[in-house]
Protein chains: 2
Amino acid sequence: MTQSDDRQPQREAMPCSTCCQMAGAWPECAPAGQALGAPGIEASQRLVRLRKGEFLYLLGDPVTSIYAIRVGSIKTHVTTEDGRTQVVAFHFPGDMVGLDSLVRPHYASYATALEDTKLCLFTVDALRLAAATLAPLGRQLLQALDGQLQRAREVQTMLALMTAEERLVTFLLWLADGLALRGFSSSAFVLRMSREEIGSYIGLTLETVSRQLSRLAEGGLITVRHRTITLLDKPALRAIAARATILAHAPAPRLRRAGGASAPAQG
Amino acid sequence: MTQSDDRQPQREAMPCSTCCQMAGAWPECAPAGQALGAPGIEASQRLVRLRKGEFLYLLGDPVTSIYAIRVGSIKTHVTTEDGRTQVVAFHFPGDMVGLDSLVRPHYASYATALEDTKLCLFTVDALRLAAATLAPLGRQLLQALDGQLQRAREVQTMLALMTAEERLVTFLLWLADGLALRGFSSSAFVLRMSREEIGSYIGLTLETVSRQLSRLAEGGLITVRHRTITLLDKPALRAIAARATILAHAPAPRLRRAGGASAPAQG
DNA sequence: CGAGGAGTTGACTTTGTTCAATCCCCGTGG
DNA sequence: CCACGGGGATTGAACAAAGTCAACTCCTCG
């Protein structure tokens with residue numbers, strides 16, 4: 001392999017136009033309010049530089065902007081109650097970073113540079129303004145889409161680091177919370193799906209699902225009769241699920257230093 | 001438990017207005033082009049009824065509409081090359097179904113009723129029209145968001161049913177494909193992340209990642225030197241990953257009848 | 001050149017899967 | 001009204017895959 005073919009691609013500078021194409025049909029990273037298609041939008045084209053290990057943003061920070069990577073790479077990650085770190089995505093040149101937080105007031109993850117990285121910054125004011133011009137429909141779509149992405153990432157985290165018991169309890173609580181949201185009893189309900197379907201969703205076999213349900217019942221935390229479930233001790237259940245639940249307004253992540261600047265500054 | 005509290009909530013009829021609130025700030029399910037916020041949009045308010053086990057749509061079908069659940073519940077699922085089924089989401093009253101396919105020409109999953117279900121139908125023509133009126137920015141956002149959702153679901157599926165080897169190979173191929181997209185060599189590249197970070201992403205420990213890399217190298221499929229990876233036998237690698245890869249323009253799913261067919265029928 | 005983080009490798013343990021037998025509703029039909 | 005059949009669910013035992021703990025090597029960075 002020659003250098004030309006074996007080079008370290010991500011380190012190669014990439015013209016912004018290229019990165020922006022990648023990001024979708026972004027206009028040049030240079031100011032281009034026009035191209036954004038909504039009147040009055042300033043693309044407020046700033047360039048951000050990060051060194052390896054530095055944070056682009058922290059979970060819980062107010063969402064001020066989203067980014068497109070020009071050069072380098074970024075990981076977005078979360079931490080769990082018990083201190084484990086879960087990488088939810090890797091981002092490479094052309095990818096958007098922070099998109100999953102667009103419709104939120106606070107970032108839903110940490111973003112850390114895996115190497116020296118340059119990004120185009122788009123102020124969220126501009127984007128929100130654009131969003132405001134969207135049909136309400138569009139906003140709702142965005143909102144709903146974001147909700148589904150969020151849930152998918154929760155599942156992702158669940159599958160990556162929860163035990164069978166934790167997964168099942170988490171799943172039951174999701175159902176309960178869903179029912180509560182809709183104004184129904186959240187402590188007694190009927191499963192609409194088979195053990196097999198549950199297992200498929202949370203990455204277990206139907207036997208394991210069944211066994212775990214039995215164990216929880218033995219422990220007096222729930223009652224199981226066919227597909228009718230009663231949650232007897234929600235605090236205890238939440239405690240189990242919490243072990244590997246994503247911290248929402250979290251403390252500091254541990255992986256890597258944050259280069260001082262944006263660092264959570266804990267040692 | 002009394003009936004009043006222990007009733008089967010999801011079976012309860014729910015006024016459409018309620019379901020629509022749930023779905024975001026959807027207008028009444030009754031015709032309300034106005035409320036959609038874009039001129040000329042017909043909400044083309046149709047109601048769809050499904051009986052338990054029926055499909056709402058199939059993977060690969062042209063995307064004609066998306067739905068909001070009024071009563072009932074839906075699972076969306078995919079199948080893998082080797083015939084396993086993976087549930088990617090459960091949807092309950094108020095949830096949107098098919099949203100993840102909005103920006104695509106074909107549905108990216110199957111949607112099956114878990115019980116008798118009623119849904120509000122929104123023709124995608126109307127939605128696309130709305131999308132067309134969005135700033136190009138908005139469309140790109142939608143596109144990018146959808147891309148991230150898709151990837152999250154791929155990870156979800158990977159975590160739920162792939163072995164360590166399959167996960168790692170899939171991950172390497174994702175990296176390679178990403179590089180190829182960006183015009184770089186896709187057979188030799190440098191990992192930007194540690195074994196630990198890879199492991200976190202694909203749900204393995206760093207030791208397992210290391211071991212699997214070694215095994216693949218032993219087998220002559222790849223070369224590993226520190227963080228420099230060379231893919232020597234991509235067909236073989238693809239074959240490994242394919243075992244549990246989501247079928248794109250798939251045949252029929254086996255779980256439940258769709259009016260006739262049933263069980264996985266293999267064994 | 002030294003220190004320390006990253007990576008590899010091995011031995012052992014744990015967790016969940018697999019295979020298989022059995023149970024239990026529930027709906028059907030006698 | 002009750003027997004029967006069948007799919008979903010439960011449970012057990014053996015097994016396998018990945019995790020854990022630990023020792024050791026090798027770069028890389030300072």
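**Exercise 1. Find polar side-chain contacts to DNA strand C in this predicted model.**

Step 1. Start at the backbone of the strand. The side chain of A:Thr205 places an N or O atom 3.2 Å from a phosphate oxygen of DNA strand C.

Step 2. Move to chain B. A polar side-chain atom of B:Arg227 lies 3.1 Å from a phosphate oxygen of DNA strand C.

Step 3. Now look at the bases. A:Glu207 has a polar side-chain atom 3.2 Å from a base nitrogen of DNA strand C.

Step 4. Place the surface on the fold. H7 of chain A and H7 of chain B are the elements that give two or more residues to the surface near DNA strand C. H7(B) has the largest share, with five residues.

**Exercise 2. Describe the surroundings of DNA strand C.**

Step 1. Count the residues within 4 Å. There are 17 around DNA strand C. Those that come nearest are A:Ala164, A:Thr208, A:Arg211, B:Ser210 and B:Ser214.

Step 2. Sort the residues by type. Three are nonpolar, eight polar and six charged.

Step 3. Turn to the DNA atoms within 4 Å of the protein. Sugar or phosphate holds 62% of them, and bases hold the rest.

**Exercise 3. Do the same for DNA strand D.**

Step 1. Count again. DNA strand D is surrounded by 18 residues. The closest are A:Arg195, A:Ser210, A:Ser214, B:Ala164 and B:Thr208. Of the atoms of DNA strand D within 4 Å of the protein, 63% belong to sugar and phosphate.

Step 2. Sort by type. The surface near DNA strand D has four nonpolar, eight polar and six charged residues.

Step 3. Find the helices. Helix H7 (206–218) of chain A and helix H7 (206–218) of chain B each supply at least two residues of this surface. H7(A) gives the most, with five residues.

Step 4. List polar side-chain atoms by what they approach. B:Thr208 has one 2.4 Å from a phosphate oxygen of DNA strand D. A:Arg211 has one 2.9 Å from a base nitrogen of DNA strand D. B:Arg211 has one 2.8 Å from a base oxygen of DNA strand D.

**Exercise 4. Summarise chain A as a whole.**

Step 1. Count the elements. Chain A has eight helices and 11 strands.

Step 2. Check burial. The chain has 267 residues, and 58% of them count as buried.

Step 3. Check the exposed area. Chain A exposes about 10800 Å², with 51% supplied by carbon and sulfur atoms.

Step 4. Check sequence separation. Take the contacts in chain A between residues at least 6 apart in sequence. Of these, 74% join residues at least 24 apart.

Technical notes
Residues numbered from 1 in each chain as written. Chains lettered and ligands numbered in written order. Predicted model: local features only at pLDDT ≥ 70, side-chain atom pairs only at ≥ 80, totals over all residues. Heavy atoms only, no water. Polar contact = N/O pair within 3.5 Å; in protein donor to acceptor, adjacent residues only side chain to side chain. Helix = DSSP H or I, 4+ residues; strand = E, 2+ residues; numbered from the N terminus. Nonpolar A, V, L, I, M, F, W, Y, C, P; charged D, E, K, R; others polar. Buried < 20%, exposed > 50% of the residue type's maximum accessible area, 1.4 Å probe, protein only. Contact = heavy atoms within 4.5 Å. Areas by Shrake-Rupley, 256 points an atom, 1.4 Å probe, with all protein chains shown as cover.
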